[in-house]
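Open the model in your viewer and keep the selection tool at hand. We will take a short walk, one stop at a time.

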Amino acid sequence: NGHRSMTFSIGNRKLRVDAAILMLPLLAHRFGMDRETIVLMLSLAAHESGHLIAAKLVHARVSEIRLTPFGALATVERMHDLSPARLIAVAAAGPIANLAAVLALCALCQMRWIHPMNAAIGLRINLLLLLFNLLPALPLDGGRIAWALLANRFSRVKALRFLTASGITVAAGLITIALNGWIRLGTLNLSLVFAAVFMLASLAKERDLLANSAAYAVLNRMKPLAAPMPAQIYLIDASTKKTALLRTLRTDQAALFLVRENGQIKRMIDDRAILSQLEKQE
């Protein structure tokens, strides 16, 4: 993605800005939405700041923030080490920041420190961000909260499938509403289209993050062998990504991987060695 995004380092975090975001001011000016765009950027900044502050308070780490023309996505590192309560705290902090912005705007408008029209724009955008992000669908904050609540109560795989399907359903619903408005009123709501595109574009990465975190959690629950234990042997190519191997693991059996290079088996590696290598990469 190097040709489509710009990456900056802020301390030990990465800020990844999609090149397409440079089109946003042009589109905003074209449709007469300059003021709304500025308020949206400020509201997104408040939202992501909420995630960063909460992560710091619960000793989690946001390793990357990605900004797109359609929204922002914070990547929480080592999700498998976070308890459900800590993951919920980090996920809920973004919507809470938007709620705080709503209350602040109401107070400033009441004291006549801000023009009512500007306050109305800010209230509308922050309320939309608040309610939209609380939907129980990935990659939204509500999806992460639902994951934390469901993953340990039900099958992690089933929870992930449900929340992924929920995300696709919400995105499809947004596009349907936008197209319906275009057909009936002749006006296309770009905000709904942008939100749907953001969800679909971010869904795969979010699904992989949670799937890998589930695999890490399985590895972390494994105990040293005190008695004979069933083992599953897999034949893999040397090019196979280690993160993909994690999803084959179970707590009730060991896993051994025979690594094939140029048509010959060169070495064998076990599940614990894979975890160790991945942790060193982090």
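Start by selecting Asn98, which sits in helix α3 (residues 84-110). Keep in mind throughout that this is a predicted model. Is Asn98 buried or exposed? Its relative accessible area is 0%, under the 20% cut-off, so Asn98 is buried. Now show what surrounds this side chain. Leaving aside neighbours within four places in sequence, Asn98 is in contact with Ser43, His47, Asn126, Leu129 and Leu130.

**Next stop: helix α5**

Select residues 141-150, which form helix α5. Eight of the ten residues of α5 are buried, so the rest of the structure largely encloses this helix. Which ones are they? Colour Asp141, Gly142, Gly143, Arg144, Ile145, Ala146, Trp147 and Ala148 to see the buried set.

Now add helix α6, residues 156-185, to the selection. The two helices pack at an angle of about 160°, and their axes are 10 Å apart. Angles over 145 degrees count as roughly antiparallel, so α5 and α6 are roughly antiparallel to each other. Their crossing is right-handed.

Which residues make the contact? On the α5 side, show Gly143, Ala146, Trp147 and Leu150. From α6, add Arg156, Ala159, Leu160, Phe162 and Leu163. Sorted by class, this contact has seven nonpolar residues, one polar and one charged. As you look along the helices, a general point may help: an α-helix has 3.6 residues a turn, so residues three or four places apart point the same way.

**Last stop: the salt bridges**

How many salt bridges does the structure hold? There are two. In general, side chains of opposite charge can pair when their charged atoms come close.

For one of them, select Arg260 and Asp237, whose side chains meet at 3.0 Å, N to O. This pair links distant parts of the chain: Arg260 belongs to strand β6 (residues 254-261) and Asp237 to strand β5 (residues 231-237), 23 residues apart. Switch on a surface and check both ends: Arg260 is partly exposed, with a relative accessible area of 32%, and Asp237 is partly exposed too, at 36%.

Then move to Arg267 and Glu261, where the side chains form a salt bridge of 2.7 Å, N to O. Here Arg267 counts as partly exposed at 45% relative accessibility, and Glu261 as partly exposed at 29%.

Terms used: Residues numbered from 1 in each chain as written. Predicted model: local features only at pLDDT ≥ 70, side-chain atom pairs only at ≥ 80, totals over all residues. Heavy atoms only, no water. Axes fitted to C-alpha atoms, helices over the stretch in contact; angles between N-to-C directions. Helix = DSSP H or I, 4+ residues; strand = E, 2+ residues; numbered from the N terminus. Parallel < 35°, antiparallel > 145°, perpendicular 65-115°, else oblique. Left-handed = near helix turned anticlockwise from the far one by under 90°. Contact = heavy atoms within 4.5 Å. Nonpolar A, V, L, I, M, F, W, Y, C, P; charged D, E, K, R; others polar. Salt bridge = Lys/Arg side-chain N within 4 Å of Asp/Glu carboxyl O. Buried < 20%, exposed > 50% of the residue type's maximum accessible area, 1.4 Å probe, protein only.
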